[in-house]
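Open the model in your viewer and keep the sequence panel visible. The stops below are meant to be selected in order.

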Amino acid sequence: MPETSVFDSKASSYDREFTHSYFGKIQRQNIHDFVKTQLGGKTNLEILEINCGTGEDIAFLQQFGAVTATDVSAEMLEIASRKNPQANIQKLDLNSSFHFERKFDLIFSNFGGLNCITPERLMELNKELRNILNPGGQMILTFMHSWSLMEFLYFFNKVKWKKAVRRMSKKVKFHEMDIYYYSAKDLDNIFSDFRIEKKYATGILLSGAYMNWLGKKLKITEKKAQWMFPMWGADHRVYVMKRR
Ligand SMILES: C[S@@+](CC[C@H](N)C(=O)[O-])C[C@H]1O[C@@H](n2cnc3c(N)ncnc32)[C@H](O)[C@@H]1O
């Protein structure tokens, strides 16, 4: 099943199940805090958001400049447009080559849209994204990480061993669609026109919906975990990449 159909069918429940869930809110807030420290007081950037989904990050990104938000799924884009009626929102399939009239200062992708893309296509995107980035520009890309300690422990404990180690097999089926898990080393090789300047982990403890109840009860915000295990087996990793 192509990713369009999978995400079209997930669009109406995506915010309820992820964006507004306890673990989803904390992960996103942490990424926002991190991005704010990266972009400082900048207000006039040209920003391209890829894989914008239901458009939850558009208003956040607009404080840093003009945002063009894109995704492949028409249903996701429909929700994004309803939430952000004034925003510049366009359909863009990262599996086909694309063209923009102008260049960008920041390319942003949140929460693993790029995990839907094969390593071969990511290598092409390395060039295509570089070509639409201004000199001095950067990419801030969030990937689902290649292993998650909490996910492993959760499924191991449930005797779902195949699921416990699924990320380590690198390629996993999600509703008939292939998902690819990338390590920092993989991304360093794939994005050879960029240098990874910074990495940031989120979802160290709050790694999935199974952590919603406990997370809420114990008011887990991840800040201590991030301090203690900054890069350890988190659900998501954010990479800041600068043009070489
Ligand atoms: C997990 S969602 C993340 C959505 C959003 N960035 C967020 O922060 O909630 C992944 C998104 O990637 C999009 N996506 C998957 N394959 C894509 C492709 N080939 N081209 C563009 N977007 C794609 C999906 O439609 C979906 O909206």
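How many nonpolar, polar and charged residues does the shell around the ligand have? By class, the shell has eight nonpolar, eight polar and five charged residues, where Ala, Val, Leu, Ile, Met, Phe, Trp, Tyr, Cys and Pro count as nonpolar, Asp, Glu, Lys and Arg as charged, and the others, Gly among them, as polar. This is a predicted model, in which local features need pLDDT of at least 70 and side-chain atom pairs pLDDT 80 or more, while totals for chains, interfaces and linings use all residues. Residues are numbered from 1 along each chain as its sequence is written.

Select the ligand. It is surrounded by 21 residues, counted by a C-beta atom, placed from the backbone, within 6 Å. Phe7, Asn51, Gly53, Val72 and Gly113 are the closest. Helix α1 (residues 3-19) supplies the largest share of the shell, three residues; helices are DSSP runs of H or I with at least four residues, strands E runs with at least two, numbered from the N terminus.

Next, select serine 73, in the loop between β2 (65-71) and α4 (74-83). Serine 73 counts as buried because it has 27 C-beta neighbours inside 10 Å; the cut-off for buried is 20 or more, for exposed 12 or fewer, and partly exposed lies in between.

Move on to α4. Met76, Leu77 and Ala80 are buried there. The face turned away from the buried side carries exposed Ala74 and Arg82.

Finally, show β2 with strand β3 (residues 88-91): the two pair in the parallel sense over four bridges, pairing requiring at least two DSSP bridges. Threonine 68 has asparagine 88 in β3 as its bridge partner.
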